[in-house]
Amino acid sequence: MVTVGSHEPDTEIAFVSGHPDRRPRPAGALPIQRAGISWTVRIDESTGDLRIHLMDEFPPEMLALPSGLTRVTWRRSARARRVSLRIDPTGGAVVVTLPMRATRKAGMALLMGHADWVANRLAALPDAVSFIDGAMVPIGGEPHRIRHAPTARGAAFLLDQELHVTGAAEFLARRVRDFLRQEARRRLTGLVVAKAGLIGVTPNRVTLKDTKSRWGSCAPDKSLALSWRLVMAPSFVQDYVVAHEVAHLRHMNHGPKFWALVDELTPHTKVAIPWLRAEGARLLRIG
Ligand SMILES: [Zn+2]
């Protein structure tokens, strides 16, 4: 049986999986095609074994569905039990996940059968915002206009609700992104340190990612990962997500003790979770 899986946001706010096609392909990996879907085979240097490398996602392609031209990303997954569809808000695409043995044909059949669902979901996505001169970008929930300032000195800087970006026009998008990441690191790690200090825990490290699957995570080795996109969210949302992950340093579960600790660390849970559900997809459409 096949099902259409939309993403059920939970408190971790799972949205979509990443774009592994942007990952560098490991050296020696050999892409192969089968059933129209490629994955890579590589030789394990230490054992000499030939291994199927689960490079599991591919650049999107435009397909003509009954509902119109649609951006489709194919994803091969060793863990998937059935063919499924979901929406990738950042890429504005429908992602078709195929278990290892499923054919592209099975994916196409599911896609065709749910063309209207796909079209409606893609149409409902917030407008994409590019980092160009004049575009509005939220920082800490406050709208800021990107202002290209080619002759100004130094790096990008904030002034009067505007983000001034120096340098040549072709580097503008990258500079905005760099600025936001840097700003995310400053604000979010500051919050982590403060909250971890409150309950006497110390994270191993804090990594900023462009995770498409969650706003934050805490690994068993006590390393925290946070999405740089949180810098765009209001500060009460940042406060909640950091509190949530810091609380995991003490409790690696979502039990009552965990939630009690989150409440000790932030007063914003009840407003931040609905905010992320309602507005989170918008942050994924920016940049
Ligand atoms: Zn959690």
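Two strands pair if DSSP finds at least two bridges between them. The exercises below concern a predicted model.

**Exercise 1.** Determine which residue of strand 14 is the bridge partner of Lys209.

*Solution.* Begin with the strands concerned: strand 12 and strand 14 (residues 223–227) run parallel and are joined by 5 bridges. Within strand 14, the partner of Lys209 is Ser227.

**Exercise 2.** Establish which strands stand at the edges of the sheet.

*Solution.* The open sheet consists of 3 strands with mixed pairing, and their order is 12-14-13. Strand 12 (205–209) and strand 13 (216–218) each have a single partner strand, so one side of each lacks a neighbour in the sheet, and these two stand at the edges. On average, and with direction ignored, neighbouring strands are turned by 15 degrees against each other.

**Exercise 3.** Identify the strands that helix 3 and helix 4 touch.

*Solution.* Helix 3 packs on the sheet against strand 12 and strand 14, and its direction makes about 145 degrees with that of strand 12. Helix 4 also packs on the sheet, touching strand 13 and strand 14; the angle between its direction and that of strand 13 is about 10 degrees.

**Exercise 4.** Describe how helix 3 and helix 4 cross.

*Solution.* The axes of helix 3 (residues 172–198) and helix 4 (residues 235–248) come within 9 Å and cross at roughly 50 degrees. Helix 3 is therefore oblique to helix 4. The crossing is right-handed. Among the contact residues are Leu188 and Leu191 of helix 3, and Val242 and Val246 of helix 4. By class, the contact comprises 7 nonpolar, 1 polar and 3 charged residues.

How values were computed. Residues are numbered from 1 along each chain as its sequence is written. This is a predicted model: local features need pLDDT of at least 70, side-chain atom pairs count only at pLDDT 80 or more; totals for chains, interfaces and linings use all residues. Axes are lines fitted to C-alpha atoms, for helices over the stretch in contact, and angles run from 0 to 180 degrees between N-to-C directions. Helices (H or I, at least four residues) and strands (E, at least two) are DSSP runs, numbered from the N terminus. Angles under 35 degrees count as roughly parallel, over 145 as roughly antiparallel, 65 to 115 as roughly perpendicular and the rest as oblique. A crossing is left-handed if the near helix is turned anticlockwise from the far one by less than a right angle, and right-handed if clockwise. Two residues are in contact if their C-beta atoms, placed from the backbone, lie within 7 Å. Ala, Val, Leu, Ile, Met, Phe, Trp, Tyr, Cys and Pro count as nonpolar, Asp, Glu, Lys and Arg as charged, and the others, Gly among them, as polar.
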